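Colleague: Here is the model I wanted to go through with you. Please keep the answers short and give the cut-offs as they come up.

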Amino acid sequence: MAFNDLAFDAANPGALWTAADEGLFARNENLTWQRIELPDDVQSVAVRAVASAAGASDTIFVATDHQLYRSSDRGASWQERSAGIEPPVLPGARQNGATGVALRTVAVDPADADRVFVGSDQGLFVSEDGGASWRNVPELVQLKNWPSYPEVRQIVIDPAAPAVVYVTV
């Protein structure tokens with residue numbers, strides 16, 4: 001089994017969420033693993049990333065290659081939250097011909113569970129409403145004057161200063 005990402009469960013110290021090629025798994029504080037059912041259309045798709053919302057302990061986000069899902073009840077039900085995560089267009093930017101955005105990572109603001117970041121092969125996206133809408137973060141490109149959006153592989157939000165967000169590209 002290939003593991004792609006890990007996140008501590010904000011509601012249960014010692015518990016862990018695991019994103020894997022075979023799906024999403026949860027480990028409880030008794031070290032027992034359980035597969036978490038995802039929507040039917042993603043049962044056979046690898047889960048690339050998982051994030052737990054510290055400010056809303058029942059809320060988790062999972063990213064597959066091209067879809068993002070949110071659960072507000074610890075995985076009992078899911079809502080797709082991918083609408084609005086679209087390839088950005090910069091004036092004069094190279095376009096790679098992709099028709100979708102490949103999701104790589106997800107992070108939830110520890111102080112505000114509605115503030116969610118998604119890293120992709122086409123930059124960084126942020127939602128201020130729990131994933132209902134998204135905007136690309138153009139500052140990432142403007143900072144380095146890159147000709148296109150870089151692939152964002154990891155996102156870390158400073159828990160002491162949540163306005164500070166670090167990314168690896």
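Colleague: Is E151 buried or exposed, or partly exposed?

Modeller: The model is predicted, so local features need pLDDT of at least 70 and side-chain atom pairs count only at pLDDT 80 or more, while totals for chains, interfaces and linings use all residues. Residues are numbered from 1 along each chain as its sequence is written, and side-chain values use heavy atoms, with hydrogens and water left out. Buried means under 20% relative accessible area, exposed over 50%, and partly exposed in between, with a 1.4 Å probe and protein chains only. The relative accessible area of E151 is 24%, so the class is partly exposed.

Colleague: Which residue does E151 meet in a salt bridge?

Modeller: A salt bridge is a side-chain nitrogen of Lys or Arg within 4 Å of a carboxyl oxygen of Asp or Glu. The N to O distance for this pair is 3.9 Å. The partner is exposed, at 55% relative accessible area. E151 meets R153.

Colleague: Which residues are joined into one network by salt bridges that share partners?

Modeller: A search of the whole structure finds 8 salt bridges. Among them, R48 pairs with D21 at 3.2 Å between the closest N and O atoms, and D65 pairs with R48 at 2.7 Å, N to O. The network therefore consists of D21, R48 and D65.

Colleague: How many residues apart in sequence are the parts that R48 and D21 tie together?

Modeller: Strands here are DSSP runs (E, at least two residues), numbered from the N terminus. R48 lies in the loop between β4 (33-36) and β5 (49-52), and D21 in the loop between β2 (16-20) and β3. R48 is partly exposed at 27% relative accessibility, and D21 is partly exposed at 33%. The separation in sequence is 27 residues.

Colleague: Is F25 buried or exposed?

Modeller: F25 lies in strand β3 (residues 23-27). Leaving aside neighbours within four places in sequence, F25 is in contact (heavy atoms within 4.5 Å) with M1, L16, W17, T18, A20, W33, Q34, R35 and I36. Its relative accessibility is 12%, so F25 counts as buried.

Colleague: Which strands stand at the edges of the open sheet β9-β10-β11-β12?

Modeller: The sheet has 4 strands in that order, with antiparallel pairing; two strands pair if DSSP finds at least two bridges between them. An edge strand has a single partner strand, so one side of it is left without a neighbour in the sheet. The edge strands are β9 (103-108) and β12 (135-136).

Colleague: What is the bridge partner of V126 in β12?

Modeller: Strand β11 (residues 123-127) pairs with β12 in the antiparallel sense over 2 bridges. The partner of V126 in β12 is R135.

Colleague: What is the area of the nonpolar surface patch made by V156, V164 and Y166?

Modeller: Patches take residues with over 30% relative accessible area and no salt bridge, joining like charges within 9 Å and nonpolar side chains (Val, Leu, Ile, Met, Phe, Trp, Tyr) within 5 Å. Areas come from the Shrake-Rupley method with a 1.4 Å probe, and for residues only the protein chains shown count as cover. V164, in the loop between β13 (154-157) and β14 (165-168), is partly exposed at 32% relative accessibility. The patch area is about 260 Å².
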